[in-house]
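This briefing introduces a single protein chain to a reader who has not met it before. Please view the sequence and the structure below, then read the points that follow.

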Amino acid sequence: MPSQKQTCSPSLQSKLCCTHLCFPPPPPPRPPAAQVNDMQSLRAAKINPREVGRVVDDAFAEMTFIHGFIHADPHPGNVMVRPKGRKGILSWLSRGTWQPFEVVLLDHGTYLSIPDRLRQQYCQLWCSLFMGDRATVASVAIEFGGQRAGQILPIILTQRGRTK
């Protein structure tokens with residue numbers, strides 16, 4: 001005869017109860033979160049999409065360039081935005097303005113940790129790209145993957161041919 005799965009449900013244990021225990025009321029429900037790319041929901045919650053983009057960019061830049069972690073699955077379903085704070089008289093007074101928010105990153109099981117030297121090179125690569133320093137981009141690319149990478153990576157990242 002196969003064994004049946006036993007279930008356990010909570011029950012009142014009178015020997016363990018007393019009148020001196022006080023349990024706080026449950027917290028109010030959290031406001032619903034929206035995917036980072038759901039502009040309609042963000043605007044309906046009076047959350048500024050441009051500010052969300054800045055905060056998300058800052059979070060990923062800090063994770064990567066300062067701490068050396070790369071989130072390997074950062075699609076919109078893993079980046080949520082929710083309103084922050086409580087509704088009250090102050091929210092009524094500021095009803096025409098953008099509201100504060102929180103960015104919530106999900107799926108923390110898919111991070112890569114990069115060595116400090118590689119993190120520094122990666123920083124140098126992106127700074128060089130933004131500064132338009134193609135020679136340094138090529139130099140860092142060569143350090144990453146050899147001579148061929150030094151030829152191909154600058155073209156891929158800038159979508160321009162490399163000048164000699």
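Setting aside neighbours within four places in sequence, Ser-128 makes contact with Asp-133, Thr-136 and Val-137. Ser-128 itself belongs to helix 4, and its relative accessibility of 6% places it among the buried residues. The model described here is a predicted one. The points below treat the chain as a whole, then its helices, its salt bridges, two loop residues and a surface patch.

**The chain as a whole**

- The protein chain contains six helices and five strands.
- Along the sequence, these elements follow the order β-α-α-β-β-α-β-β-α-α-α.
- The chain has 164 residues, and 22% of them are buried.
- The accessible surface of the chain amounts to about 12,900 Å², and carbon and sulfur atoms account for 59% of that surface.
- Of the contacts between residues at least 6 apart in sequence, 63% connect residues at least 24 apart.

**Helix 2 and helix 4**

- Helix 2 spans residues 49-66 and helix 4 spans residues 116-131; their axes come within 8 Å of each other and cross at roughly 130°.
- The two helices, helix 2 and helix 4, are therefore oblique to each other, since an angle that is neither under 35 degrees, nor over 145, nor from 65 to 115 counts as oblique.
- On the side of helix 2, the residues that meet helix 4 are Thr-64, Phe-65 and Ile-66.
- On the side of helix 4, the partners are Arg-119, Tyr-122, Cys-123 and Trp-126.

**Salt bridges within helix 2**

- The structure has five salt bridges.
- Glu-51, Arg-54 and Asp-58 are joined in a network of such bridges.
- Arg-54 pairs with Glu-51 in a salt bridge, with 2.5 Å between the closest N and O atoms.
- Arg-54 and Glu-51 are about one helical turn apart, because three residues separate them in helix 2.
- Arg-54 also forms a salt bridge with Asp-58, where the closest N and O atoms are 2.6 Å apart.
- Arg-54 and Asp-58 are four residues apart in helix 2, which is again about one turn of the helix.
- Each member of the network is partly exposed: Arg-54 has a relative accessibility of 41%, Glu-51 has a relative accessible area of 29%, and Asp-58 has one of 39%.

**A salt bridge between two strands**

- Glu-102 and Arg-82 meet through their side chains in a salt bridge, at 2.7 Å from N to O.
- Glu-102 is in strand 4 (residues 101-105) and Arg-82 is in strand 3, so this pair ties together parts that lie 20 residues apart in sequence.
- Glu-102 counts as partly exposed, at 24% relative accessibility.

**Lys-84, a loop residue**

- Lys-84 is located in the loop that runs between strand 3 (79-83) and helix 3 (89-93).
- With a relative accessible area of 48%, Lys-84 is partly exposed, because the partly exposed class lies between 20% and 50%.
- Which residues does Lys-84 touch, when those up to four places away in sequence are not counted? They are Pro-100, Phe-101 and Glu-102.
- Lys-84 and Ile-47 are 37 residues apart in sequence, and their C-alpha atoms are 9.9 Å apart in space.

**Leu-106, a loop residue**

- Leu-106 is found in the loop between strand 4 and strand 5 (111-113).
- The relative accessible area of Leu-106 is 33%, and this residue is therefore partly exposed.
- When neighbours within four places in sequence are left aside, Leu-106 is in contact with His-71, Gly-77, Asn-78 and Met-80.
- Between the C-alpha atoms of Leu-106 and Pro-76 the separation is 9.9 Å, while their positions lie 30 residues apart along the chain.

**A nonpolar surface patch**

- A nonpolar patch on the surface is formed by Ile-152, Ile-156 and Leu-157.
- Together, Ile-152, Ile-156 and Leu-157 have about 230 Å² of accessible area.
- One of these residues, Leu-157, is placed in helix 6 (residues 147-158).
- Leu-157 counts as partly exposed because its relative accessibility is 33%.

Technical notes:
Residues numbered from 1 in each chain as written. Predicted model: local features only at pLDDT ≥ 70, side-chain atom pairs only at ≥ 80, totals over all residues. Heavy atoms only, no water. Patch = residues over 30% accessible without salt bridge, like charges linked within 9 Å, V, L, I, M, F, W, Y side chains within 5 Å. Areas by Shrake-Rupley, 256 points an atom, 1.4 Å probe, with all protein chains shown as cover. Salt bridge = Lys/Arg side-chain N within 4 Å of Asp/Glu carboxyl O. Buried < 20%, exposed > 50% of the residue type's maximum accessible area, 1.4 Å probe, protein only. Axes fitted to C-alpha atoms, helices over the stretch in contact; angles between N-to-C directions. Contact = heavy atoms within 4.5 Å.
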